[in-house]
Amino acid sequence: MASPEGARRHFSKGLLLSASILALWVPQGSRAALRIQKIPEHPQKNQDLLLSVRGIPDTFQDFNWYLGEEAYGGTMLFTYIPELQRPQRDGSAMGQRDIVGFPNGSMLLHRAQPTDSGTYQVAVTINPAWTMRAKTKVQVEEKHKEPPITHLPVSAGIMVAIILGSLAAGALFIGIIAHLLLTRSWRGQSHRTTTTEKPEAHPNHSAGDENSYEVMPSPTLLVSPLGDPGSANTAMPLPLPENHHYQDLLNPDPAPYCQLVPRP
């Protein structure tokens with residue numbers, strides 16, 4: 001039968017073992033509960049970046065932010081102790097960065113640059129035996145990437161209409177160009193014709209009148225009417241044919257008319 005002293009020793013060893021297991025299990029569970037949210041998810045150059053810590057307890061001693069795969073003094077950005085009047089103390093990795101810490105464990109990086117890309121991790125100290133950790137990767141883009149252009153499906157009818165419209169516009173354009181070229185060619189030919197041809201002589205209206213109204217010379221000497229012995233035709237008579245009958249007709253003998261006078 002075991003003595004009471006041995007029993008107490010056995011109980012003490014069991015309690016210590018349970019406390020050690022609990023101390024090792026709690027940080028693993030706390031690491032799973034702590035996470036970091038990036039706002040925005042894909043930061044651009046000269047854009048502010050907020051690393052918001054989620055799952056942090058209401059009470060804690062302090063928290064440290066690191067930039068790098070390992071968490072040590074050379075990668076520390078700053079330490080934040082809420083109980084101090086000036087809670088933030090910058091670390092060796094801060095450099096020229098403009099970073100502000102908040103009481104809820106989050107941090108804000110002003111005007112992020114591509115050189116700020118890397119792994120950010122936070123360590124929240126709850127008590128000397130309990131530290132919660134979380135990390136995230138940040139990639140700061142040099143310039144904004146345009147989203148890919150999505151082409152909407154085009155129906156067959158719309159495609160045919162587009163093709164026909166393009167053909168009609170092309171035919172109209174070709175017709176206009178051909179019309180302009182032909183018009184210019186015709187004008188050039190007309191100009192060359194007018195410059196090379198001699199001007200036509202204008203018709204003489206007086207000559208036309210003379211040709212229309214040709215004056216035929218009278219075959220005989222025109223005798224003025226009776227009672228007007230002073231007027232006579234000065235036109236030169238044409239030679240008459242030697243025909244006695246024609247002469248008789250032109251110069252009738254007044255003797256027969258005298259014979260027709262009734263006798264008393």
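This report walks through a predicted model, from its confidence to its core, surface and backbone.

## How far to trust it

This is a predicted model, in which local features need pLDDT of at least 70, side-chain atom pairs count only at pLDDT 80 or more, and totals for chains, interfaces and linings use all residues. Residues are numbered from 1 along each chain as its sequence is written, and side-chain values use heavy atoms, leaving out hydrogens and water.

The chain's average pLDDT (the predictor's confidence in each residue, from 0 to 100) is 74, and 55% of the residues reach at least 70. Over residues 201-213 pLDDT stays under 50, with zero contacts (heavy atoms within 4.5 Å) beyond four places in sequence. Where pLDDT is low, don't read the predicted coordinates in detail.

## The core

The largest nonpolar core (buried Ala, Val, Leu, Ile, Met, Phe, Trp, Tyr and Cys residues joined through side-chain atoms within 4.5 Å; buried means under 20% relative accessible area, with a 1.4 Å probe and protein chains only) has 27 residues. Among those touching the most other members are Trp-65, Leu-77 and Tyr-120. Strand E8 (118-127) is one of the strands supplying at least two core residues, and its four are the largest share. Strands here are DSSP runs of E, at least two residues, numbered from the N terminus.

Beyond four places in sequence, Tyr-120 contacts residues including Ile-36, Trp-65 and Val-138.

## Backbone oddities

Most residues other than glycine have a negative phi, and most peptide bonds are trans. Still, Ile-39 and Pro-40 are joined by a cis peptide bond, with omega about -5°. Arg-111, in strand E7, isn't a glycine but has a positive phi of about 50°.

Technical notes
Buried means under 20% relative accessible area, exposed over 50%, partly exposed in between (1.4 Å probe, protein chains only).
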